[in-house]
Amino acid sequence: MRGRRVALVILVLCAVPSVAAWFAYFVWQPESRANYGELIEPHRLPDPEMQGLDGKPLRLTQLRGKWIVLQIDSGACTEACRKKLLYMRQLRLAQGKDADRIERVWLLADPAAPDAALIREFEGTRIVRAAGSPVLAEFPAARNPADHIYLIDPLGNLMLRFPANPDPQRMLKDLARLLKASRVG
């Protein structure tokens, strides 16, 4: 009788961690997460030839090996557009020695040309005419892809979307964490 009780106690002690893990995974799921941006099921973007503002052809695959911070917007840049361009610039600059691992891309969703002063202000941002390009349909968004800033990994996979009106500090933490963990790009 005593041996059965000991065996039962050992069985219960061994089962408790498994039951607790099952309970924690399926019943009690914490709401907090490490990332600020919304993870997107990674998928490779189509690679049609688009044109830069300078008229030279550009493909996103030419930027492979670098993290790409990307926005989609009109050439007639509104205040929200300018804010996203500013965040993208500051996000890259804040990475310090890792800034060279990041490229900034602005996909123009319409034929409107951006203001020359705006182009000078955000020098270094690759501005690409993408109106009518199949690549624009690949960016998921609840309403409008132009509301978000996207992140493409060095292998060319769309993987992260920051919310509309993002918090730059939290964006910075996400990107710094990715750059630290990444062996590619």
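**Note on a predicted model: the sheet, its helices and its cores**

1. In the hairpin formed by β7 and β8, four residues lie between the two strands, and G156 adopts a positive phi near 95°. The model under review is a predicted one. The hairpin is a convenient place to begin, since its two strands recur in most of the points below.

2. The two strands of this hairpin run antiparallel to each other and are paired over four bridges. Two of the residue pairs can be located by eye: L151 stands opposite L160 in β8, and the bridge partner of I152 in β8 is L158.

3. How do the side chains of β7 point? I149 and L151 point one way, Y150 and I152 point the other way, and all are buried. In a regular strand the side chains alternate between the two faces of the sheet. The student may wish to follow this pattern along β7 in the viewer.

4. The other partner to consider for β7 is β4. These two strands pair in the antiparallel sense, again over four bridges. Within this pairing, Q71 stands opposite I149 in β7.

5. The whole sheet can now be set out. Eight strands form an open sheet, and their order is β1-β8-β7-β4-β5-β6-β2-β3, with mixed pairing. The edge strands are β1 (38-44) and β3 (57-58), each of which pairs on one side only. For β1, that pairing is with β8 (residues 157-162), in the antiparallel sense and over four bridges. Here L39 has L160 of β8 as its bridge partner.

6. Is β8 enclosed or open? Six of the six residues of β8 are buried, so this strand is largely enclosed by the rest of the structure.

7. Two helices pack on the sheet. Helix α2 (residues 79-93) touches β4 (67-73), β5 (102-108) and β7 (149-152), and its direction makes about 175° with that of β4. Helix α4 (residues 168-181) touches β4, β5, β7 and β8, and its direction makes about 155° with that of β8.

8. Helix α2 has 15 residues and reaches 21 Å from its first C-alpha to its last, close to the 21 Å expected at 1.5 Å a residue. Its buried residues are C81, K84, L85, Y87, M88 and L91. Why do they lie on the same side of α2? They cover an arc of only 160° around the axis, which puts them on the same side of the helix. The face turned away from this buried side carries the exposed residues E79 and L93. The cover over the buried residues of α2 includes β4, β5, α3 (116-121), β7 and α4.

9. Helix α4 can be read in a similar manner. It has 14 residues and reaches 20 Å from first C-alpha to last, close to the 20 Å expected at 1.5 Å a residue. The buried residues of α4 are M171, D174, L175 and L179. They cover an arc of only 130° around the axis, which puts them on the same side of α4. On the face turned away from the buried side are the exposed residues Q169, K173, K180 and A181. The buried residues of α4 pack against β4, α2, β5, β7 and β8.

10. In soluble globular proteins, nonpolar side chains tend to be buried together. In this model the largest nonpolar core has 19 residues, and those with the most contacts inside it are L70, L107 and F139. The elements that give two or more residues to this core are β4, β5 and β7. The largest share, three residues, comes from β4.

11. Which residues are in contact with F139? Leaving aside its neighbours within four places in sequence, F139 is in contact with L45, L70, I72, L107, P145, Y150 and L158. Apart from the largest core lies another, of 15 residues, among them Y36, M159, F162 and L175.

12. A final point concerns H148, which lies in the loop between β6 (126-129) and β7. Is H148 buried or exposed? At 12% relative accessibility, H148 counts as buried, because the cut-off for a buried residue is under 20%. Not counting residues up to four places away in sequence, H148 touches L70, Q71, K84, A141, R161, F162, P163 and A164.

Conventions: Residues numbered from 1 in each chain as written. Predicted model: local features only at pLDDT ≥ 70, side-chain atom pairs only at ≥ 80, totals over all residues. Heavy atoms only, no water. Pairing = 2+ DSSP bridges. Contact = heavy atoms within 4.5 Å. Axes fitted to C-alpha atoms, helices over the stretch in contact; angles between N-to-C directions. Core = buried A, V, L, I, M, F, W, Y, C linked by side-chain atoms within 4.5 Å. Buried < 20%, exposed > 50% of the residue type's maximum accessible area, 1.4 Å probe, protein only. Expected span 1.5 Å × (residues − 1). Arc of directions from axis to C-beta.
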